[in-house]
Amino acid sequence: MKRVYDRVALIGLGLIASSMFHAMKRAGLAGEVVGYAKTRETRDVARDIGLCDRICETATEAVEDADLTVLCVPVGAMGKVAAEIGPALKRGSTLSDVGSVKQSVIEEVSPHLPDGVHFVPAHPLAGTEHSGPRSGFAELFQGRYTLIVPRENCDREAVERIKELWRGIGATTEEMDAAHHDLTLAVTSHAPHLIAYTMVGVADDIRRLTSNEVIKYSAAGFRDFTRIAASDPTMWRDVFLDNREATLEILGRFTEELFALQRAIRTGNGEMLHAYFSRTRKIRRGIIEAGQDTDAPDFGRAKKD
Ligand code: NAP
């Protein structure tokens, strides 16, 4: 495949950055890939496992002469990192990010952009509950969407180039504005994560009453909540604090619906429950038809033996 950037700098070396590295290298999309992470421990692990062609001791050293710099840190750290690397970014280069929230990241990063650097925010809709430099794999973005969130008056050539990179590593790209992105993700990702965290917290309280039954019989649905609720605590703390309004809006609606269903159960309104569950089942069918999940039974898990 054709090389899209000669030198790429990855700031933050967790799940997303390490997956981008493996995918870019496998497809020959980048020349040299340089990396930096906050702690010495992560930088040492990255060197040990051959993550990136070169690991730098400072973020500014990593972005030097890079044609593309990608911020792969928790959303709450984006502004601080942008302030640090801003003066070192190469004129004519592109700065991007992979943050799960877009409005706050744009607000926090934009003031630190020097003239002549093109900022093209992005968000790959792919992840797992694992984090850190060892967790990445080249196929993570295969068949998934990456949303590109161009700012007003942005450089179209820079936008097209980063789309080419994401398509090269297997993703489908779509453009979206930041406010719409944050509301959409509050529905599809942020609120569901909070609900999973809550459900697992409730079960943990009850577990003290029922010993190990919550774990033993978890395959009845609970275990899928536990996978989501095992996601990185720092990343998700930042997502909720940074996408506060949209998440609260969706949680408000969720609470209203929950009360309506609670009332239907209390009053024995089976018709309402059945109609509601029939409507939600159609959403699942839509996701499968859109190729975003498999219709294999057992929530898509492969059978063990
Ligand atoms: P992760 O595995 O937890 O890794 C985060 C990385 O950021 C670590 O290498 C950490 O370094 C580094 N870091 C934190 N603060 C830093 C700072 N001030 N300067 C330099 N490096 C810093 O995270 P991830 O899952 O890859 O997520 C990264 C970004 O992608 C987040 O913004 C998240 O919202 C977004 N995202 C995540 C997913 C997902 O499912 N995980 C999906 C889509 C988008 P140390 O290890 O040295 O602390």
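1. Ligand shell. In this predicted model, 29 residues surround the ligand (a heavy atom within 4 Å). Thr39, Thr42, Val73, Ser100 and Gly132 come nearest. The shell divides into 16 nonpolar, 11 polar and two charged residues. Here Ala, Val, Leu, Ile, Met, Phe, Trp, Tyr, Cys and Pro count as nonpolar, Asp, Glu, Lys and Arg as charged, and the others, Gly among them, as polar.

2. Contacts to ligand oxygen. The side chain of Thr42 places an N or O atom 2.6 Å from a ligand oxygen. For Ser100, a polar side-chain atom is also 2.6 Å from an oxygen atom of the ligand. Val73 uses a backbone N or O atom, at 2.7 Å from a ligand oxygen. The protein buries 88% of the 910 Å² that the ligand exposes when taken alone (Shrake-Rupley method, 1.4 Å probe).

3. Backbone to check. Most residues other than glycine have a negative phi. Cys52 has a positive phi, near 80 degrees. Cys52 sits in the loop between α2 (40-49) and β3 (54-55). At 8% relative accessibility, Cys52 is buried (under 20% relative accessible area, 1.4 Å probe, protein chains only).

4. A second positive phi. Asn153 has a phi of about 55 degrees. Its loop runs between β7 (145-148) and α6 (156-168). Asn153 is exposed (over 50%), with a relative accessible area of 78%.

5. Basis. Residues are numbered from 1 along each chain as its sequence is written, and side-chain values use heavy atoms, without hydrogens and water. Local features need pLDDT of at least 70 and side-chain atom pairs pLDDT 80 or more, while totals for chains, interfaces and linings use all residues of the predicted model.

Conventions
Helices (H or I, at least four residues) and strands (E, at least two) are DSSP runs, numbered from the N terminus. A polar contact is a pair of N or O atoms within 3.5 Å; within protein, one must be able to donate a hydrogen and the other to accept it, and residues adjacent in sequence count only if both atoms are side-chain atoms.
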